[in-house]
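Please read the points below with the sequence and the structure side by side. They are meant for a colleague who has not looked at this entry before.

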Amino acid sequence: MSTVFLNFFFRKADFMIYTVTLNPSLDYIVHTDCLALGALNRTHDERLYPGGKGINVSLMLARLGLPTCALGFAAGLTGQMFSELLAETGIASDFIALDCGMTRINVKIKSAAESELNAAGPEVSAKALRALEQKLGGLCTGDTLVLSGSVPQGVPCDIYARLAHRAAQAGAFAVVDAAGQALADALTEHPFLIKPNLDELRGLTGCTPHSLDHLVESVRGLQQQGAQNVLVSLAGEGAVLVPCEGKALTIPAPHGRVRNSVGAGDCMVAGFLSGLYQTREFPTALQAAVAAGSASAFSDWLPTEEEVCAQLVRTILPATLHA
Ligand SMILES: Nc1ncnc2c1ncn2[C@@H]1O[C@H](COP(=O)(O)OP(=O)(O)OP(=O)(O)O)[C@@H](O)[C@H]1O
Ligand SMILES: [Mg+2]
């Protein structure tokens, strides 16, 4: 489908995909030839991006031509800078300003190996959380609410459950890409989609799958706890989609040189939604998910639409699993 047609299709679209980033960041990415602990190191390339898992999902969605709006919290001077950088990307956003603290700066050091220094971020007050819940009063039937990333300090870990509840009340689809208790709690609200990677699946089920059929079996347990559709990402091995109805599907990832696998899962969520909104078919959504995830892994930062399309033509039709 051509971009021109897609843009026309989505301009007419009457849905919105909201993303929530509770603890966004300014991502400061520096390159250095070598990194020595306890010594002065000099960088030779520095970049600053608005960061956070929901932000990545919104940016990828926008690149794929879907309507999106990023929500969350920002604080202090760094929060202002974050909002300015986000505005420069052209995506719509509606961040709540916190009264205290500052949006965190996460430092990513690219050298022979990659090192990251992620800050804790500001405390989110109960008042700010209520303001976010109020904003979700604007959700409509057919919208999607993407809840991704870890839950910051001070925020109750059932926050995603509460927000997913709001989505359900509005007739919107909730997508949860999180780990641990926040994800476990959200299951009771019957999210439309969850996207655990293998570690997150293990954390949730307590079992390490020894085969794809075994993996599907443990996912069925999560569905009994409330999850509807489950997309398990397997990094370089591709993905498995276990729909709430019908057989599970599996697809390998295209091969390529990995440049940056962080954020591949976020792009995968965006790719899945783009495929689903376009075709309403799970197999094509799964292909688009893997194409966007792999394109992200093969690019330095988030991939362009052309890079996703280049991987899409390299994906094969998903195979049906018997479990
Ligand atoms: N090494 C790789 N080669 C090819 N594709 C990859 C590779 N790593 C990731 N991908 C693609 O990205 C998708 C998501 O990857 P992964 O399972 O690593 O997500 P994740 O752990 O949630 O990532 P993150 O949370 O850092 O965004 C995979 O299903 C695959 O399509
Ligand atoms: Mg992930």
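The numbered points below take up the ligand site and then a patch on the surface.

1. The model is predicted, and the comments that follow should be read with that in mind.

2. Around ligand 1 there is a shell of 23 residues, of which Asn 197, Ser 233, Ala 235, Gly 238 and Gly 265 are the closest. Sorted by class, this shell consists of 11 nonpolar, nine polar and three charged residues.

3. Several polar atoms of the protein can be paired with atoms of ligand 1. On the side-chain side, a polar atom of Lys 53 is 3.1 Å from an oxygen atom of the ligand, while an N or O atom in the side chain of Ser 294 lies 2.9 Å from a nitrogen atom of ligand 1. Gly 263 takes part through its backbone, where an N or O atom is 3.2 Å from an oxygen atom of ligand 1.

4. How much of ligand 1 does the protein cover? On its own the ligand has 630 Å² of accessible area, and the protein covers 86% of that. The elements that contribute two or more residues to the shell are α9, spanning 264–279, and α10, spanning 282–297.

5. A nonpolar patch on the surface is formed by Tyr 28, Leu 48, Met 81 and Ile 105, which together have about 310 Å² of accessible area. Among these residues, Ile 105 belongs to strand β6, which covers residues 104–110. Ile 105 counts as partly exposed because its relative accessible area is 37%, and patches take in residues with over 30%.

Definitions and conventions. Residues numbered from 1 in each chain as written. Chains lettered and ligands numbered in written order. Predicted model: local features only at pLDDT ≥ 70, side-chain atom pairs only at ≥ 80, totals over all residues. Heavy atoms only, no water. Near = heavy atom within 4 Å. Polar contact = N/O pair within 3.5 Å; in protein donor to acceptor, adjacent residues only side chain to side chain. Areas by Shrake-Rupley, 256 points an atom, 1.4 Å probe, with all protein chains shown as cover. Helix = DSSP H or I, 4+ residues; strand = E, 2+ residues; numbered from the N terminus. Nonpolar A, V, L, I, M, F, W, Y, C, P; charged D, E, K, R; others polar. Patch = residues over 30% accessible without salt bridge, like charges linked within 9 Å, V, L, I, M, F, W, Y side chains within 5 Å. Salt bridge = Lys/Arg side-chain N within 4 Å of Asp/Glu carboxyl O. Buried < 20%, exposed > 50% of the residue type's maximum accessible area, 1.4 Å probe, protein only.
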